[in-house]
Amino acid sequence: MPKNKDKKNLTKNISLTGKCLISMPGIEDVRFDRSLIYLCANSKDGTMGIVINRPILPVKFPELLKQLEIKVNPEDILFEPDIVYGGPMENTRGFVIHTADYFLASTVVVHEDVAITATLDILEAIALGKGPAKSMVALGYASWGPGQLEEEIKNSSWLICDADDNLIFSTPHSQKWKNALKKIGVDANMLSSNQGNA
């Protein structure tokens, strides 16, 4: 029926850039269990996103600055953003996901008020209180080949929700997954790993 066909092709016709992916119980790749992923790019060529709810607890911002040889005195550090596991690809590569009130030549505004910057300058600016109003540092990222994510969505591995400033930057990491589900009217307690299509 035409209606079902339209639904089936929905993710082919609409870019998911700037949306959040919510992993479903029973997802095949356990690295994404209870993950919330902010999608930075989604096109016919593939998809790239950053996990935004998995803090890397042992790593502290001053240690990261030292490892990257960014010369900021510890006593001059005014702000320490959270450092999160951004995904399984290139774990040594860092990205700063931040509000779009800060902009460098290398900054990419993803959607409305959210931007990504992957140069060291922003880390120094953040440390000295001269960076964006809100930010987090992600190590690594997630990626999908052409059509791969759309297929996983059809197979109920992921749900999609709108991203917003509060969900990305202000919600405690431990609550982001549940709150994202709540945004689309899904009670996390009602989900099970044995579910069929969501």
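Modeller: A residue is buried under 20% relative accessible area, exposed over 50%, and partly exposed in between. Keep that in mind for this model, which is predicted.

Colleague: What makes aspartate 162 partly exposed?

Modeller: Its relative accessible area is 44%. That falls between 20% and 50%, so the term is partly exposed.

Colleague: Why is the contact of aspartate 162 with lysine 19 called a salt bridge?

Modeller: The closest N and O atoms are 2.5 Å apart. The rule asks for a Lys or Arg side-chain nitrogen within 4 Å of an Asp or Glu carboxyl oxygen. So the pair qualifies.

Colleague: Which parts does that pair tie together?

Modeller: Lysine 19 sits in strand S1 (residues 19-23) and aspartate 162 in strand S9 (residues 158-162), so the salt bridge ties together parts 143 residues apart in sequence.

Colleague: Is lysine 19 buried or partly exposed?

Modeller: Partly exposed, because its relative accessible area is 26%.

Colleague: How do you know that arginine 93 and glutamate 90 form a salt bridge?

Modeller: Their N to O distance is 3.9 Å. The cut-off is 4 Å, so the pair counts. Arginine 93 is partly exposed at 38%, and glutamate 90 is partly exposed at 43%.

Colleague: What about arginine 31 and aspartate 29?

Modeller: Another salt bridge, at 2.7 Å from N to O. Arginine 31 has 43% relative accessibility and counts as partly exposed. Aspartate 29, with 24%, is also partly exposed.

Colleague: How many salt bridges does this rule give?

Modeller: Seven.

Colleague: Now the rings. How many aromatic pairs does a search of the whole structure find?

Modeller: Four. One of them joins phenylalanine 32 and tryptophan 144, with 6.3 Å centre to centre and 25° between the planes.

Colleague: Why is that pair called stacked?

Modeller: Centres must lie within 6.5 Å, and planes under 30 degrees apart count as stacked. At 6.3 Å and 25°, the pair of phenylalanine 32 and tryptophan 144 meets both conditions, so it is stacked. Phenylalanine 32 lies in the loop between S1 and strand S2 (36-43), and tryptophan 144 in strand S8 (residues 135-144), so parts 112 residues apart in sequence are tied together. Both phenylalanine 32 and tryptophan 144 are buried.

Colleague: What makes the pair of phenylalanine 95 and tyrosine 141 edge-to-face?

Modeller: The angle between the planes is 85°, with 5.8 Å centre to centre. Over 60 degrees counts as edge-to-face, so the name fits. Phenylalanine 95 is in strand S5 (residues 89-99) and tyrosine 141 in strand S8, 46 residues apart. Phenylalanine 95 and tyrosine 141 are both buried.

Colleague: Which residues form one aromatic cluster?

Modeller: Phe32, Trp144 and Trp158.

Colleague: How do you know that S5 and S8 pair?

Modeller: Pairing needs at least two bridges. S5 and S8 have six, in the antiparallel sense, so they pair. Within this pairing, valine 96 has valine 137 in S8 as its bridge partner.

Colleague: What joins S5 to strand S7?

Modeller: Four bridges, and the strands run antiparallel. Four satisfies the need for at least two, so S5 and S7 pair. Threonine 99 is partnered there by valine 114 in S7.

Colleague: How many helices and strands does the protein have?

Modeller: Seven helices and nine strands. Of its 198 residues, 42% are buried.

Key
Residues numbered from 1 in each chain as written. Predicted model: local features only at pLDDT ≥ 70, side-chain atom pairs only at ≥ 80, totals over all residues. Heavy atoms only, no water. Buried < 20%, exposed > 50% of the residue type's maximum accessible area, 1.4 Å probe, protein only. Phe/Tyr/Trp six-rings, centres within 6.5 Å; stacked < 30°, edge-to-face > 60°.
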